[in-house]
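Reader: Please walk me through this model. I work at the bench and like short answers.

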Amino acid sequence: MPLLLPRVIALPELRRILEPVGSPFTEKKKRKRAWQHDAIALRDQAVLEMLTATGIRVSELCSLNIESIDLESKTVRVFGKGSKERVVILRSKQTIAVMEEYMIARKGPETLWSQPSTDALFLSRSKHRLTDQAVRKIIRKRTSEVGGGAPHYSAYVSSYLSYDPARAGG
């Protein structure tokens, strides 16, 4: 049986996936910040934004710590396979905005994750490091919410890396 390649997400579908639930994408205005009202929705949005903006693997995303991200310099330190470190630049203004909101919520004194016992950047409801399986569940949940199939996470990377804002008008 031949090996099947992951389905690549078309740009309009990627935009719908990244659009916070409850915010109509057809508006040309700034995205409504639906994620600000719910800590889990904010975390899920931050996870999706980081995957698409950086092209990192799900396992690398799960291993990020709070100190791995520097929003002032717009960089993320990632430890990949073989414990090799690389620095990824955050170029997306939307990703930076979502991560700023998430970091406020993540570090805040009265949030879902207040006083966590871990330095993990992304936490589960039980305040433990988010797992690969949990991230894949987030992806499946969002794609089903927008009416798409559940793509392989590398499809996000392929879609993002092939995205040219100048050609797309965005």
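Author: Questions on the sheet and the core follow.

Author: This is a predicted model, in which local features need pLDDT of at least 70, side-chain atom pairs count only at pLDDT 80 or more, and totals for chains, interfaces and linings use all residues. Residues are numbered from 1 along each chain as its sequence is written, and side-chain values use heavy atoms, with hydrogens and water left out.

Reader: Which are the edge strands of the open sheet?

Author: Strands are DSSP runs of E with at least two residues, and helices are runs of H or I with at least four, numbered from the N terminus. Two strands pair if DSSP finds at least two bridges between them. The sheet is open, antiparallel and ordered β1-β2-β3. Pairing on one side only marks the edge strands, β1 (69–70) and β3 (85–89).

Reader: Which residue in β3 stands opposite Phe-79?

Author: Strand β2 covers residues 75–79 and is joined to β3 by five bridges. Opposite Phe-79 stands Glu-85.

Reader: Which element gives the most to the largest nonpolar core?

Author: A nonpolar core is a set of buried Ala, Val, Leu, Ile, Met, Phe, Trp, Tyr and Cys residues joined through side-chain atoms within 4.5 Å; buried means under 20% relative accessible area, exposed over 50%, partly exposed in between (1.4 Å probe, protein chains only). This core has 32 residues, and Met-50, Ile-69, Met-99, Phe-122 and Val-135 touch the most other members. At least two residues each come from α2, α3 (58–62), β2, α4 (93–107) and α5. The most, seven residues, come from α2.
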